[in-house]
Amino acid sequence: MNVKNNKRRRESVEKIEKAFVELLQTKELGKISVSEICTMTELNRTTFYSNYIDIYDLADKVRNKLEGEFSSLFADYDYMNGRDGVFKMFTHIKENQLFYKTYFKLCYDEKHLISIYDPHRAEKEFGTHNVKYHIEFFRNGFNAVIKLWLAGGCVESPEEMANVIKQEYRGR
């Protein structure tokens, strides 16, 4: 029986996700088919559909998994007292470029963006008046910098990228 967390099912899910990520590097999400994934993984369509509703459900689950992994990276980070968070993040991005390229490709609705921004800190530094605009500006600008860096192959060092953000943010 293929129960939720048995070893065989976990291995099948890993194979499906790996094939999906591989395909996503050369194809748009809408051009990837269940048949293609099943052929690559040598799994039946039944196995795919026992784990996912469709390709978009797979994409959502992979994106959620990536977001969880990113969040865990900063689970113990002290935003109010730490200054190395941006460097830590850029180091992680450089070491895991495929992970982040995949994540951004799966942000097809642009609602899910990477950010280590703390809204409480924003309120402390800028007050509550129009802080939502500051946060949105910061998040989108930050993500644009990450995407540009990834597209260029992460040539600059994590230290250089952290300094770019610090210069733009003026040390706040």
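1. A polar contact is a pair of N or O atoms within 3.5 Å, and within protein one of the two must be able to donate a hydrogen and the other to accept it. The term is needed for two side-chain pairs discussed below, and it should be read with the reminder that this is a predicted model.

2. On the overall fold, the protein chain contains nine helices and zero strands, so that reading along the sequence gives the pattern α-α-α-α-α-α-α-α-α. Of its 172 residues, 41% count as buried, while the accessible surface of the protein chain comes to about 10,600 Å², with 52% of that area belonging to carbon and sulfur atoms. Among contacts between residues at least 6 apart in sequence, 64% join residues that are at least 24 apart.

3. On the packing of helix α1 (residues 7–24) and helix α4 (residues 55–73), the general point is that two packed helices are described by the angle between their axes and the distance between the axes. For this pair, the axes come within 11 Å and cross at roughly 95°; because angles of 65 to 115 degrees count as roughly perpendicular, α1 and α4 are described as roughly perpendicular to each other.

4. On the residues that form this contact, α1 contributes I16, E17, F20 and V21, which meet I55, L58, A59, V62 and K65 in α4. Divided by character, the residues of the contact of α1 with α4 are seven nonpolar, no polar and two charged.

5. Where in the chain is E17 placed? E17 belongs to helix α1, and with a relative accessible area of 12% E17 is buried, because the cut-off for that class is under 20%. Leaving aside its neighbours within four places in sequence, E17 is in contact with Y52, L58, V62 and K65, and of these L58, V62 and K65 are also listed on the α4 side of the helix pair. The side chain of E17 makes a polar contact with the side chain of Y52, at 3.5 Å.

6. A second glutamate, E159, lies in helix α9 (residues 158–169). With a relative accessible area of 43%, E159 is partly exposed, because that value falls between the 20% and 50% limits. The side chain of E159 makes a polar contact with the side chain of S157, at 3.2 Å. The C-alpha atoms of E159 and T91 are separated by 8.2 Å, although these two residues are 68 residues apart along the chain.

How values were computed: Residues numbered from 1 in each chain as written. Predicted model: local features only at pLDDT ≥ 70, side-chain atom pairs only at ≥ 80, totals over all residues. Heavy atoms only, no water. Axes fitted to C-alpha atoms, helices over the stretch in contact; angles between N-to-C directions. Helix = DSSP H or I, 4+ residues; strand = E, 2+ residues; numbered from the N terminus. Parallel < 35°, antiparallel > 145°, perpendicular 65-115°, else oblique. Contact = heavy atoms within 4.5 Å. Nonpolar A, V, L, I, M, F, W, Y, C, P; charged D, E, K, R; others polar. Buried < 20%, exposed > 50% of the residue type's maximum accessible area, 1.4 Å probe, protein only. Areas by Shrake-Rupley, 256 points an atom, 1.4 Å probe, with all protein chains shown as cover.
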